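Visitor: Please give me a close look at a single part of this model, the surroundings of the ligand, and then connect that part to the rest of the chain.

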Amino acid sequence: MKTLSACSLLSLFALLATGCNQNADQSNRAAPLSGVAVIDLDEVARELGSDKQIASAIEKRKEVLNTKLGDLAKGYMAEFQKQKDALEATPNQGDSSVQLASYQQQVNKGLSTARAQAQQNLTQHRGKLITQFRDAVLPAARRVAKQRGMSVILTKQDSLLYAYEPEADITAEVVSMLEASMAKTAAAPAPAKKQ
Ligand SMILES: *[C@@H]1O[C@H](CO)[C@@H](O)[C@H](O)[C@H]1NC(C)=O
C-alpha cells in the first residue's frame, strides 16, 4: 500500500511516472535514478537574491492595491455622507435610516468584492513572478544537466520522495552559471558617454 500511494503521488509530477509499477512488492526504496538532475529552486532564489526581489515586488504591489482600496473606501464614505446630508435636508421622504442602512450594505459589498479582487490580483502577481524566476533559471539548469548527461530535471521540492545521490544535485553549478552570466551583464562596458 505504501508503494501504491507513493506512486500515485509521484504520478502528479509526470516526469517520473514511468517505472511506478515495477518491483511494487519488492521494495519501497526507490533506486537512485540515473540521468535525473535535481535542483533546489529555493536555494537558487536565496543565492541570487531573487527571493528578496520577489518579496519586495509583492510588497510593492500590495501597497498599490491597499492605496486603491483606501481611496475606494474614502469615495464610498464621501458618497455616503452626501446621501445622508441629502436625506436629512429633505425630511418626510420616507425612512432615511432604512435607506442609509441599505446603502451601507451596498458599500460593504462593494468593498468586500474589491478586497477579494485585490487578493486575487496579488496571488496572480506572485504566481507570475515565480514563473518568471523559474523560466530564468531553466536555461542554465538545462545546460548544466546536459553537460552532465542528465536528461530529466526535477526540483528538490518535487523529488522529496526519491532517494537521489548528492551528485544528482546541480543547484550549485546552476547558481554559479547564473552568477557568471549576471556578472558578465553587469561588467559589460557601459555605452560611452559623450561629454
Ligand atoms: C492588479 O493590480 C495592478 C495595480 O493596481 C493593476 O495595474 C492591474 O491591472 C491589476 N490586474 C488585474 C488583473 O486586475
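What follows is one connected answer, beginning at the ligand and moving outward.

Guide: This is a predicted model, in which local features need pLDDT of at least 70 and side-chain atom pairs count only at pLDDT 80 or more, while totals for chains, interfaces and linings use all residues. Residues are numbered from 1 along each chain as its sequence is written, and side-chain values use heavy atoms, with hydrogens and water left out.

The shell around the ligand, meaning residues with a heavy atom within 4 Å of it, is made up of Arg-61, Val-64, Leu-65, Lys-68, Asn-121 and Gln-124. By residue class, this shell divides into 2 nonpolar, 2 polar and 2 charged residues, where Ala, Val, Leu, Ile, Met, Phe, Trp, Tyr, Cys and Pro count as nonpolar, Asp, Glu, Lys and Arg as charged, and the others, Gly among them, as polar. Two polar contacts (pairs of N or O atoms within 3.5 Å; within protein, one must be able to donate a hydrogen and the other to accept it, and residues adjacent in sequence count only if both atoms are side-chain atoms) deserve attention here. A polar side-chain atom of Lys-68 lies 2.8 Å from an oxygen atom of the ligand, and an N or O atom in the side chain of Asn-121 is 2.3 Å from a ligand oxygen atom. On its own the ligand has 360 Å² of accessible area (Shrake-Rupley method, 1.4 Å probe; for residues, only the protein chains shown count as cover), and the protein covers 45% of that area. Two elements, helix 3 (50–89) and helix 4 (96–147), each give two or more residues to the shell, helices being DSSP runs of H or I with at least four residues and strands runs of E with at least two, numbered from the N terminus. Helix 3 supplies the largest share, 4 residues.

Leu-122, in helix 4, follows on from this site. Leu-122 counts as buried because its relative accessibility is 11%, given that buried means under 20% relative accessible area, exposed over 50% and partly exposed in between (1.4 Å probe, protein chains only). Although 64 residues separate Leu-122 from Ile-58 in sequence, their C-alpha atoms are 7.1 Å apart. When residues up to four places away in sequence are not counted, Leu-122 touches (contact means heavy atoms within 4.5 Å) Ile-58, Arg-61, Lys-62 and Leu-65, and Arg-61 and Leu-65 also belong to the ligand shell.

Elsewhere in helix 4 lies Gln-104, which is partly exposed because its relative accessible area is 33%. Gln-104 and Phe-80 are 24 residues apart in sequence, with 7.5 Å between their C-alpha atoms.

The largest nonpolar core (buried Ala, Val, Leu, Ile, Met, Phe, Trp, Tyr and Cys residues joined through side-chain atoms within 4.5 Å) has 30 residues, and Ile-39, Val-44, Phe-133, Val-137, Ile-170, Val-174 and Leu-178 have the most contacts inside it. Two or more residues each come from strand 1 (36–39), helix 2 (41–48), helix 3, helix 4 and helix 5 (171–187), and helix 4 gives the most, with 10 residues. Val-174, leaving aside neighbours within four places in sequence, is in contact with Ile-39, Val-137, Ala-140, Ala-141 and Val-144. A second, separate core of 6 residues includes Phe-80, Tyr-103, Val-107 and Leu-111.

Ser-50, located in helix 3, is buried because its relative accessible area is 11%, and beyond its sequence neighbours up to four places away it touches Ala-45 and Phe-133. Asp-40 sits in the loop between strand 1 and helix 2 and is buried, with a relative accessible area of 10%. The side chains of Asp-40 and Gln-157 are joined by a polar contact of 3.3 Å. Thr-155, in strand 2 (residues 152–155), counts as buried at 8% relative accessibility, and its C-alpha atom is 5.6 Å from that of Asp-40, 115 residues apart along the chain.

As for the chain overall, its secondary structure comes to 5 helices and 2 strands, running α-β-α-α-α-β-α from the N terminus on. Of its 195 residues, 25% count as buried, and among contacts between residues at least 6 apart in sequence, 83% join residues at least 24 apart.
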